[in-house]
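The exercises below are meant to be worked with the sequence and the coordinates open side by side. Try each task before reading the solution that follows it.

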Amino acid sequence: MTQSFGFDVAHLLAGSMLVLSFVLLYQDRITAVLNVFALQAIALSLSVAWQALIQDSPHLLVTAGIALVVKGIVIPTALHRIVRRLGIHREIEDVISAGPTMLTGLGLVALSILLVMPVGETVSVLVREDLAFALAVILLGLLMMITRRNAVTQIVGFMSLENGLVLAATGAKGMPLVVEFSVAFSILIAFIVFGVFVFRIRERFDTVDVSALDQFRGERGERG
Amino acid sequence: MISPLHAILLIPAIAVVVLALIPGYRIGAILNMLASGLTFMAGVALLVVPRYRSDVLIIDDFNIYLVILTTFVAFTTSIFSASYIGHELETGRLTPTFLRFYHALYQAMIGAMNVALVANNIGLLWVGVEVATLSTVMMVGIYRTPAAVEAAWKYFILGSVGIALAFFGTILVYLVAQEVLGEGLQAMAWDLMVQASPKFDPKLLSLAFVFLLVGYGTKVGLAPFHAWLPDAHSEGPTPISAVLSGLLLNVALYALLRFKIILAANPATLNVGLIMVVLGLISLVFAAFMLYRRRDIKRLFAYSSIEHMGIITFAFGMGGPLANFAGLLHMTMHSLTKSAIFFAVGHIAQVKGTQRLADIKGLSTSHPVLAVGLALGVIAIAGLPPFGVFTSEFMLVSSSFARQPWLAVVLVFGLIVAFGALILRLQDVLFGEASGPAGEVKATYVPLFLHLALVLMAGLWLPEPVVRWFRAVAAQLG
């Protein structure tokens, strides 16, 4: 196995995560969003496993396993169930339409390349390019959270953002396990919190559309 | 024999489990006070044991003072909380089941803040801030009213985005450090990084700081990342507003300052001080104007917290012994005063049954003791002598006049605008025609007046050891 082969596979996997981030942006059905997210989590776990191989650090395999089981299988399944129980297989409204969203996404990718690539001549090219990919995934996750108004898709946007974080953390060579574990753990916590909130929102409003909440916020109607 | 350092982390951890298991809310409240009191004592005991460092935990002058402040305010707030929740149960806003979670989460938050404060590992620092945030999110939403759910949702989304960016920044800092310090835990140890900082790659370090600033800055509540803060303060239980304003904002700022010290040791990095000065002034002036349009008493003081965090960020951005000293003092004074104000506001909102400023009138005739408490708190937070907030603001204004007169003009302008707003908004509350229910307050005033007495004392006379200590920390901050 040559150096450049390891390099190419790492690129392929990180790049496929980025492509899946774009796919997430324009999906307009919740079930499709969940399936794409599961795919992205699987790509993440492959990427992390590959890093474990080329960095020769087997503890990263734990992170890969967590990504595969929790984010690739458990969370999408649970969210599918919630969506079915809430009966929201219908379309989801975007705040801005797919075209401008994709263009903004492209801009964000360019931005992350411009930010990361010129700095840090001291770190290796692989690490730098991994970081650029990771930052792009993070920014696209942010974009998704902004453009979606539905609570479930906002959750997915947030978890896709966390995928980018894990990609960045595993790309950094020899970063102590403590941190990766905490990231995986925080995702679990995040899911519990989100689950509780979705439940409550459902209970109170019979909708998971976050814009339905706006009328209650202190800023409107009665000025805080 | 466990050391005080372990105690401040272990006591809250044990208390979380115990409080989650105990059904009775009275016992829960007492245990909550007990655990907070013990943690405070352990925090004070840190003073007498020798300083400590490992790659994971550290005790130095800077965090020891914040640990004591945090555990003290957490302790007094737990006393306030015990008298507060009884009323919430009576009115049916909270149920005993929720109180179990409330107490457990309260201890989780204190423990997490202590972890963040004593962490030497920048990853652990991040974990501490994140867990503290998540536990406050749950508590903000605990009333489960539509407004509370929305506030918690907003807080959660904005807080998570902030925390995610901070984590990316942390990874970048590690990448920079591992080039010099080698892979592994030592490349995440803050004190080793400060020593090795001159050898770090300045460009990547600067980029990392931008992410950290936006990330932790969101948690500090700096404008324009402050949108979650007023909602979270006004919709959650008042004890949580008190610890949010008094403690969590401080801890987030502390995290930012730790990274500022790393960058300050490397002259080739970007000018951190300038960015902090600008953000601080924007927050100050923006919040000062926003104070005029508030109609909810807790939102009013939430904006006042943004204003004061702006002042503190400005002070540390200016740097130098005097401004840093003022910043540290202001951090302490703001914590004590703002939590005292929230104690008073909590009692007021309970007796009047509302948080609307328009419906709270004439406290001086209906509830004279509360009125005195609130009035003293407002006088203190508005920066009038003889309280400690005046001392720190005066030091900051005079030191910045000597160095950057134009910045000082903006600072003074913001302070005056905020002062006017507070006096204007609270005149009716204190001295108007008495209206609304005039029921007795079944509450303890001890925490409220204890805090005010400390702030007054700091304004009149700062003990010599404290001064020496603040000087040492101010020098460390550069």
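## Exercises on a predicted model

Chain A contains seven helices and zero strands, and the coordinates used here and in every exercise below belong to a predicted model.

**Exercise 1.** Describe chain A by the order of its elements, by its burial and by its contacts in sequence.

*Solution.* Begin at the N terminus, from which the elements of chain A run α-α-α-α-α-α-α. Next take burial: 46% of the 224 residues of chain A count as buried. Finally, consider the contacts in chain A between residues at least 6 apart in sequence, of which 71% join residues at least 24 apart.

**Exercise 2.** Determine how chain B is divided into domains, and characterise the side of domain 1 that touches domain 2.

*Solution.* First set the bounds: domain 1 of chain B covers 1–161 + 222–259, while domain 2 covers 271–478. The centres of these two domains of chain B, taken over C-alpha atoms, are separated by 21 Å. Their contact takes 29 residues from domain 1 of chain B and 41 residues from domain 2 of chain B. On the side of domain 1 that touches domain 2, the elements of chain B giving two or more residues are α3, α9 (228–235) and α10 (238–264), and the largest share, 12 residues, comes from α3(B). Sorted by class, the residues on this side of domain 1 of chain B are 16 nonpolar, 12 polar and one charged.

**Exercise 3.** Place B:V67 in its helix, decide whether B:V67 is buried or exposed, and list its contacts beyond its neighbours in sequence.

*Solution.* B:V67 belongs to helix α3 of chain B, which spans residues 61–90. The cut-off for a buried residue is 20 or more other C-beta atoms within 10 Å; B:V67 has 25 C-beta neighbours inside 10 Å and therefore counts as buried. When neighbours within four places in sequence are left aside, B:V67 is in contact with B:I8, B:G43, B:L46, B:N114, B:L117 and B:V118.

**Exercise 4.** Classify the relative direction of α3(B) and α4(B), and then that of α16(B) and α17(B).

*Solution.* For the first pair, the axes of α3(B) and helix α4 (residues 96–118) of chain B come within 10 Å and cross at roughly 170°. Angles over 145 degrees count as roughly antiparallel, so α3(B) and α4(B) are roughly antiparallel to each other. Residues making this contact include B:V67 and B:T70 of α3(B) together with B:N114 and B:L117 of α4(B), and by class the contact of α3(B) with α4(B) has nine nonpolar, three polar and no charged residues.

For the second pair, the axes of helix α16 (residues 388–403) and helix α17 (residues 405–431) of chain B come within 7 Å and cross at roughly 150°, which makes α16(B) roughly antiparallel to α17(B). Among the residues in contact are B:V397 and B:F401 of α16(B) and B:L411 and B:L415 of α17(B). The contact of α16(B) with α17(B) divides into eight nonpolar, one polar and one charged residues.

**Exercise 5.** Why does the largest nonpolar core lie between the two domains of chain B, and which residues touch the most other members?

*Solution.* The largest nonpolar core has 248 residues, of which B:A116, B:F168 and B:V251 touch the most other members. Helix α6 (residues 146–181) of chain B gives the most to this core, with 24 residues. Because domain 1 and domain 2 of chain B both give residues to this core, the core lies between them. As a last step, examine B:A116, which touches B:L125, B:G128, B:V129, B:A132, B:V251 and B:A255 when residues up to four places away in sequence are not counted.

Definitions and conventions. Residues are numbered from 1 along each chain as its sequence is written. Chains are lettered from A and ligands numbered from 1 in the order in which they are written. This is a predicted model: local features need pLDDT of at least 70, side-chain atom pairs count only at pLDDT 80 or more; totals for chains, interfaces and linings use all residues. Helices (H or I, at least four residues) and strands (E, at least two) are DSSP runs, numbered from the N terminus. A residue is buried if 20 or more other C-beta atoms lie within 10 Å of its own, exposed if 12 or fewer, and partly exposed in between; C-beta atoms are placed from the backbone. Two residues are in contact if their C-beta atoms, placed from the backbone, lie within 7 Å. Axes are lines fitted to C-alpha atoms, for helices over the stretch in contact, and angles run from 0 to 180 degrees between N-to-C directions. Angles under 35 degrees count as roughly parallel, over 145 as roughly antiparallel, 65 to 115 as roughly perpendicular and the rest as oblique. Ala, Val, Leu, Ile, Met, Phe, Trp, Tyr, Cys and Pro count as nonpolar, Asp, Glu, Lys and Arg as charged, and the others, Gly among them, as polar. A nonpolar core is a set of buried Ala, Val, Leu, Ile, Met, Phe, Trp, Tyr and Cys residues joined through C-beta atoms within 7 Å. Domain bounds come from an automatic or database domain assignment.
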